[in-house]
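Reader: Hi! I'd like to go through this one with you before I set anything up. Could you put it on screen?

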Amino acid sequence: MFLKRLLKEIHKGSPRFKIGLLFIVISPFISWVFVPFFGVLAIEKNNPHFGLLALIIYATTWILTFIGLLLSGKRGIQFAFCFFKKGKDG
C-alpha cells in the first residue's frame with residue numbers, strides 16, 4: 001500500500017524531481033556494496049589503490065546525495081526519509 005502510493009506520487013513529479021530522488025535513493029546502496037568490497041580487496045591484495053578507490057566511491061556517493069537533495073527539493077527529502085524509514089508512514 002505504501003509503495004503503491006509512493007510510486008504514484010513520484011510519477012506525478014518533474015524529471016528533475018525524479019532524477020534527484022533516484023540519486024538520493026541509489027547512493028547509499030552503491031556505497032554499501034562497493035566501499036566494503038574495495039576495502040577488503042585492498043587488504044587482501046595489499047594494494048592501497050583499492051582503498052583509495054573505496055574512498056573515492058564513498059565521496060562520490062555523498063556528492064550524488066547532495067546533488068539529489070538540490071534537484072528534488074524539500075518534497076524529495078520528505079520522500080527519501082519516508083523511503084528509508086522502511087515504509088512507515090509519518
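Reader: Let me jump right in: in which helix is threonine 61 found?

Author: Threonine 61 is in helix α3. Keep in mind that this is a predicted model.

Reader: Is threonine 61 buried or exposed?

Author: Threonine 61 is buried, because its relative accessibility is 5% and the cut-off for buried is under 20%.

Reader: What does the side chain of threonine 61 reach?

Author: The side chain gets to the backbone oxygen of tyrosine 58, at 2.7 Å.

Reader: And which residues is threonine 61 in contact with, leaving aside neighbours within four places in sequence?

Author: With those neighbours set aside, Ser27, Ile30 and Ser31 are in contact with threonine 61.

Reader: Serine 27 catches my eye. Which side chain makes a polar contact with the side chain of serine 27?

Author: That would be threonine 65, whose side chain makes the polar contact at 3.5 Å. Threonine 65 is also in helix α3. Beyond four places in sequence, threonine 65 touches Ile24 as well as Ser27.

Reader: Is threonine 65 buried or exposed?

Author: Buried, since threonine 65 has a relative accessibility of 16%.

Reader: Nice. Let me zoom out: how many helices and strands are there in the protein?

Author: You'll find 3 helices and 0 strands. Along the sequence the pattern reads α-α-α.

Reader: What does the protein average in pLDDT?

Author: The average is 86, and 89% of the residues score at least 70.

Reader: Which elements have the lowest and the highest mean pLDDT?

Author: Helix α1, residues 2-12, has the lowest mean at 71, while α2 has the highest at 92. As a general caution, predicted coordinates should not be read in detail where pLDDT is low.

Reader: Good to know. How much of the protein counts as buried?

Author: Of its 90 residues, 28% count as buried. The accessible surface comes to about 6600 Å², and 74% of that belongs to carbon and sulfur atoms.

Reader: What about contacts between residues at least 6 apart in sequence: what share joins residues at least 24 apart?

Author: The share is 72%.

Reader: On to the surface. Which residues form the nonpolar patch?

Author: The patch is made of Phe29, Trp32, Val33, Phe34, Phe37, Phe83 and Phe84, with about 690 Å² of accessible area together. The elements giving two or more residues to the patch are α2 (15-45) and α3 (48-84). Helix α2 provides the largest share, 5 residues.

Reader: Let's pick phenylalanine 29 from that list. Which residues does phenylalanine 29 touch, not counting those up to four places away in sequence?

Author: Phenylalanine 29 touches Phe83 and Phe84, and the place of phenylalanine 29 is in helix α2.

Reader: Why does phenylalanine 29 count as partly exposed?

Author: Because its relative accessibility is 37%, and partly exposed covers the range between 20% and 50%. Phenylalanine 34, another patch member, counts as partly exposed too, at 38%.

Reader: How far is the C-alpha of phenylalanine 29 from that of threonine 61?

Author: Those C-alpha atoms are separated by 9.1 Å, with the two positions 32 residues apart along the chain as the separation.

Reader: You mentioned phenylalanine 34. Which residue in α3 should I look at next to it?

Author: Try isoleucine 57, which has its place in helix α3. Apart from neighbours within four places in sequence, isoleucine 57 is in contact with Ile30, Phe34, Val35 and Phe38. Isoleucine 57 is buried, with a relative accessible area of 17%.

Reader: And phenylalanine 50, which residues is that in contact with, with the neighbours within four places left out?

Author: Phenylalanine 50 has contacts with Phe38, Leu41, Ala42 and Lys45. Phenylalanine 50 lies in helix α3 and is partly exposed, with a relative accessible area of 24%.

Reader: Last topic, backbone angles. What is the phi of asparagine 46?

Author: Asparagine 46 has a positive phi of about 55°, although it is not a glycine. In general, most residues other than glycine have a negative phi.

Reader: Where is asparagine 46 found, and is asparagine 46 buried or exposed?

Author: Asparagine 46 is in the loop between α2 and α3. At 69% relative accessibility, asparagine 46 counts as exposed.

Note on methods. Residues are numbered from 1 along each chain as its sequence is written. This is a predicted model: local features need pLDDT of at least 70, side-chain atom pairs count only at pLDDT 80 or more; totals for chains, interfaces and linings use all residues. Side-chain values use heavy atoms; hydrogens and water are left out. Patches are made of residues with over 30% relative accessible area and no salt bridge: like charges are joined within 9 Å, nonpolar side chains (Val, Leu, Ile, Met, Phe, Trp, Tyr) within 5 Å. Accessible areas come from the Shrake-Rupley method with a 1.4 Å probe; for residues, only the protein chains shown count as cover. A salt bridge is a side-chain nitrogen of Lys or Arg within 4 Å of a carboxyl oxygen of Asp or Glu. Helices (H or I, at least four residues) and strands (E, at least two) are DSSP runs, numbered from the N terminus. Buried means under 20% relative accessible area, exposed over 50%, partly exposed in between (1.4 Å probe, protein chains only). pLDDT is the predictor's confidence in each residue, from 0 to 100. Contact means heavy atoms within 4.5 Å. A polar contact is a pair of N or O atoms within 3.5 Å; within protein, one must be able to donate a hydrogen and the other to accept it, and residues adjacent in sequence count only if both atoms are side-chain atoms.
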